[in-house]
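Please find my notes on the structure shown here. They are set out as numbered points, to be read alongside the coordinates.

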Protein chains: 2
Amino acid sequence: MNTKLRKKYCGAVDVGGTKISSALFTSDGQISHREKITIDKSKPENSVRQVIEIIKGLEGSARSENGTILSVGIVIPGIVFQQRKTVWAPNIPGWEHFPLQKMIQEETRLPLVFDSDRSAYVLGEQWCGIARDMKDVVFLAVGTGIGAGIIVDGRLCRGSEDIAGAVGWFALDPQFKREYSLMGCFEAEASGNSVARKAIQHLKSGESSILNKVRGNIEQITAQDVFEAAQKKDPLSEKIIRATIEYLGMGIANIVSILNPQIVVLGGGLFQSARRLLNPVRKEVEKWAQPLSAQKVRIELTHLGEDAGLYGAGKLAWESG
Amino acid sequence: MNTKLRKKYCGAVDVGGTKISSALFTSDGQISHREKITIDKSKPENSVRQVIEIIKGLEGSARSENGTILSVGIVIPGIVFQQRKTVWAPNIPGWEHFPLQKMIQEETRLPLVFDSDRSAYVLGEQWCGIARDMKDVVFLAVGTGIGAGIIVDGRLCRGSEDIAGAVGWFALDPQFKREYSLMGCFEAEASGNSVARKAIQHLKSGESSILNKVRGNIEQITAQDVFEAAQKKDPLSEKIIRATIEYLGMGIANIVSILNPQIVVLGGGLFQSARRLLNPVRKEVEKWAQPLSAQKVRIELTHLGEDAGLYGAGKLAWESG
């Protein structure tokens, strides 16, 4: 068969904190051969080997339909240092100052492109999600931590050291607390982990709440538990959620005022368990942001959900060609 | 004389809140034929006429040395709406939804390019100031108000509605005050005007301070007065300056965390009268910003001072060619 007639694909590999997702994408964002496996965290080499095998598997899948892969986008849950060609992913043991790029490239002739999860989220939503065809887009991921992927005038904003979008460090309250120096003020006040942590702290200090009964051990309380208790009018949970909404509004307002984006897409674990935060958060943004920017910006939940990173990996690969 | 041998210039016109500066620039940033006049604010047409005459004067100056002007950059103290081709400059009567671009272009065949003062400041510093040859640069102007000019990966960040950089609206304190809805929280807490306003409010409420004696009318107290009193250990003034430093640090930290720039250049009236704020502000940034970005970023005072806008206008013109 003439190679010119062969179907053209790009590969996408989204390495998350616990799972690796992969797929083939056509140039118009059609997805096929999706797979998801659990990361082997026993040794750094094992997780790298998994990624290499996935890429070989994608090549096999493409070949099986007389197709060919042009390049592969690989997304990691952390920072990709593009100059130094290392990665930093705190949730994968050994992936610190880790030469992932070299280790994988040695095993395949395919062109590879690496980027951070937050860059991938915003690219994915712009390619096939709710921010389709927009030029000024921010994706705010609120889950375990808080980070943003940023597209300015059609191009990814990576920053001078590849760590742009670290909005979890937004200073939002002059009353400095100890946690702020570990994770940043915005993240300490509004991430999913922080919602749970605040509830646990209050319960330990003896506050009464229906949360005392939802788990055998109060240390196991989740943000989801707090949202559910707030819906049942539990005063402690309502107080925590009110504060979370306020800080989310302030943080998003700051993004809106500095970047004047067309859309801020909200994703990550927190919004999956609390879609009804959307309207109160929008109101809070309006209270704080530059008024014209606040009036024009759309604030929406992710359309791709957990697939945003995978789509972003596909787009990265297609863009690199 | 062969036109190919004629000296090539670009014109620069920096319309400020009270003065209009102008000059010719060579492609390597050499400046000549500088002038500065006071804006005639009696009628919108009069100020426009001034700009037109300045452009004609620049053409004459170029001709007088057998030179030619390729284009002219015009900077205004407000927002330039590039799509709608209007400007908004609150300090010049009548310049609201004002078709400045069309009015001036009708009077000259020279290619014109318009932009906001904050875009010009950052371009100027990148061209001929302290941010020379850097790709990720922010200029923070703190004077009457607060605004930022932003260069991301070598390109001006204007935002989807040309109002990116409105960092005066940064939310930095969950305790919402009435002023925040008029000018934004950061501007209400840290601009030069706000330093003066806070002092006046405290004095009116009866607080004792040496500030009571520096002016005939306490309403006339300036930020400069407050800085000088703080140096003399006036407790009220020291308190106000401490808070200003804290909010400046938080605001700059937010810029550093979201954009990961190489440099943040500080300019505007406040820093002219208080250069010694620089080190305390740097410390405060370190306390709040993403640690790696905070460690890498340079925080410096403007090298071009009041000329940053003029240089930016020159660069805009040279870039447009």
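**Notes on the predicted model**

1. Helices α8(B) and α10(B) are oblique to each other. The model is a predicted one. In it, the two helices pack at an angle of about 55°, and their axes lie 8 Å apart. Helix α10 of chain B covers residues 278–288. The crossing of α8(B) and α10(B) is right-handed.

2. The residues behind this packing can be listed. From α8(B) they are B:Ile245, B:Glu246, B:Leu248, B:Gly249, B:Met250, B:Ile252, B:Ala253 and B:Val256. From α10(B) they are B:Pro280, B:Val281, B:Glu284, B:Val285, B:Lys287 and B:Trp288. By class, the contact of α8(B) with α10(B) has 10 nonpolar residues, 1 polar and 3 charged.

3. Next, the contact between the chains. Chain B puts 38 residues into it and chain A puts in 39. On the side of chain B that touches chain A, the elements giving two or more residues are β9 (146–152), α8 (235–259) and α11 (291–296) of chain B. Of these, α8(B) gives the most, with 7 residues. Helix α8(B) therefore takes part both in the contact with chain A and in the oblique pair with α10(B).

4. The side of chain B that touches chain A is made up of 21 nonpolar, 10 polar and 7 charged residues.

5. How are the two copies related? Chain B superposes on chain A by a rotation of 180°, with 0.0 Å of shift along the axis and an RMSD of 0.0 Å. The relation is thus that of a two-fold rotation axis. As for the surfaces used, 100% of the interface residues of chain B are also interface residues in chain A, so the copies meet through the same surface.

6. A separate point concerns B:Gly143. This residue sits in the loop between β8 (137–142) and β9 of chain B; β9 is also one of the elements that give two or more residues to the side touching chain A. Is B:Gly143 buried, exposed or partly exposed? There are 18 other C-beta atoms within 10 Å, and a residue counts as buried at 20 or more and exposed at 12 or fewer. B:Gly143 is therefore partly exposed.

7. Leaving aside neighbours within four places in sequence, B:Gly143 is in contact with B:Ser191, B:Gly192, B:Gly268, B:Gly269 and B:Leu270. B:Gly143 and B:Ala190 are 47 residues apart in sequence, while their C-alpha atoms are 9.1 Å apart in space.

Notes
Residues numbered from 1 in each chain as written. Chains lettered and ligands numbered in written order. Predicted model: local features only at pLDDT ≥ 70, side-chain atom pairs only at ≥ 80, totals over all residues. Contact = placed C-beta atoms within 7 Å. Helix = DSSP H or I, 4+ residues; strand = E, 2+ residues; numbered from the N terminus. Nonpolar A, V, L, I, M, F, W, Y, C, P; charged D, E, K, R; others polar. Axes fitted to C-alpha atoms, helices over the stretch in contact; angles between N-to-C directions. Parallel < 35°, antiparallel > 145°, perpendicular 65-115°, else oblique. Left-handed = near helix turned anticlockwise from the far one by under 90°. Least-squares fit on C-alpha atoms with pLDDT ≥ 70 in both.
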